[in-house]
Amino acid sequence: MAKGLAFVALSLIIGVLQSANAEVPAIFILGDSTVDVGTNNYLPDSNITANFPHNGVDFPFQRATGRFSNGLNTADFLAKYFGFKRSPVSFLSLNGTLAIKKRKFRGVNFASAGSGLLDITGQTSVRLCTQKANVVPMGEQVYQFSMVYNDLVASKGTSEAQNFLAKSLIFISVGSNDIVGNHYSKNPIPKEQVIPNLAVVYEKHLRNLISFGARKFGIISVPPVGCCPSQRVSANGECLKELNDQAEAFFSTMDTLMRNLSYENKDIKYSLGNAFNITKPIIDNPQNSSFTDVKNACCGNGTLPCTPLASLCSNRHKYLFWDMFHPTQDASRLVASILFIGDSRFATPINSSQLAEA
C-alpha cells in the first residue's frame, strides 16, 4: 500500500495541481516539531533545537535550519504541493514585522518544537523531566496568529483581510507531546481523562482561530508515537501500546470535534489527516513500503539524540525515522503526499487538495 502510493504520488499530485482552479493565497502552520522550521532558534533559553548537524544534511547546502529532519519536513512538502517553495518562515524570524505592504505575503509558520495543546507541555523536556525546555505553546501561537490578523486588517481593511484568510489554509500538527509528556509526568492526568481534556483545549484554540478569520483547517492527527525509537527503548524494542491507543483515541475524538464544529459553523471546511493510519501499516509491514528500517533512527540509532557526534546512516531514504522522535525527509514527503491526495482512510471528509477547492 505505502510503496504503491509512494510510486504514484508524484504523478497524481502533478495531475491535481494541473486541474486545480483554487488559488491558496497563504498557508499558516501551527503545532510542534513535526512542522517547525526553526522557531526555537529564536528562543534563547530553549534546549529543544535542531540548528546543528547532522540535522539538515540533505537540506540545500547542508544547512541545519532548525528542522528536526535530514531535510524538509511535512509542512514544507504540503506547502510545495500548493505551489510554494517550502513552508513559510517562522513568525519569530520576522522580528515582529510582517512587511505585508512591502512584499507578497504568503503566510507564516508558528510551530514550535516540543510544544503542545496544553501550556505546560514542553516546559520540561520529555526525556529529562526536570529540565527546562522553553517552547511556544499553542495558546501563544494562536495569539501570534491574531497579531497577523490585526496586521492584515490594518493593511488591507477588514473585508479584504477576512476574504484573504478565508481562502488561506491553516495546517495544525499537535498533540503528540501532550500524550507522551503526560505519560512520563510525575503528576499525570488520569489515562481516561487525557484525550477528553486535550479535546477541550483544542476546541478552544480552534474557536479562537475562527474568530480571527481562519476558515480552512488541515488537521494532522497524532501518529503512532508509541513506535518512535525513543519509546521502543523502554518497551524492549516493541511499540508502547498505551501511547498508540491514546493516539488512535485522539483521532476519533478529533473526528467528532471537527464534525460538530463544522456543523455549528457552516463556512468552516476541514481535512482531518489520520497520521496513525498512514504510518502504522508501514511500521507493521515495511516490506510493502520503500523503507527497510522502521524501528531505528538514522541519526543516533534511536538510543541517543541526534548531535554532530552521533552515528549517521548513509542510506537515509531507507529509514522511516530520522532521530529518536521524528521522521526522515522521505517519510515526511510520503505523509504529506497522502494527506494531499489520500482517500477517506487517510483524510476525512476530504483531503488537503480538495480542501483548497472547497
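**Exercise 1. Give the handedness of the link of Cys227 and Cys239, then place the pair in the chain.**

The link of Cys227 and Cys239 is right-handed, with 110° about the S-S bond. Cys227 lies in the loop between β4 and α7 (229-232), and Cys239 in the loop between α7 and α8, so the pair ties together parts 12 residues apart in sequence. The sulfur atoms of this disulfide are 2.1 Å apart; a disulfide is a pair of cysteine sulfur atoms within 2.5 Å. Helices (H or I, at least four residues) and strands (E, at least two) are DSSP runs, numbered from the N terminus.

This is a predicted model: local features need pLDDT of at least 70, side-chain atom pairs count only at pLDDT 80 or more, and totals for chains, interfaces and linings use all residues. Residues are numbered from 1 along each chain as its sequence is written, and side-chain values use heavy atoms, without hydrogens and water.

**Exercise 2. Decide whether Cys227 and Cys239 are buried or exposed.**

Start with the cut-offs: buried means under 20% relative accessible area, exposed over 50%, partly exposed in between (1.4 Å probe, protein chains only). Cys227 has 0%, so Cys227 is buried. Cys239 has 24%, so Cys239 is partly exposed.

**Exercise 3. Work out the pairing of the bonded cysteines.**

The structure holds 3 disulfides. Cys298 bonds to Cys313, with sulfur atoms 2.0 Å apart. The torsion about that S-S bond is about -95°, so this disulfide is left-handed. Cys299 is joined to Cys306, in a right-handed link with 85° about the S-S bond. Numbered in sequence order, the bonded cysteines pair 1-2, 3-6, 4-5. Cys228 is in no disulfide; the nearest cysteine sulfur, that of Cys227, is 7.7 Å away.
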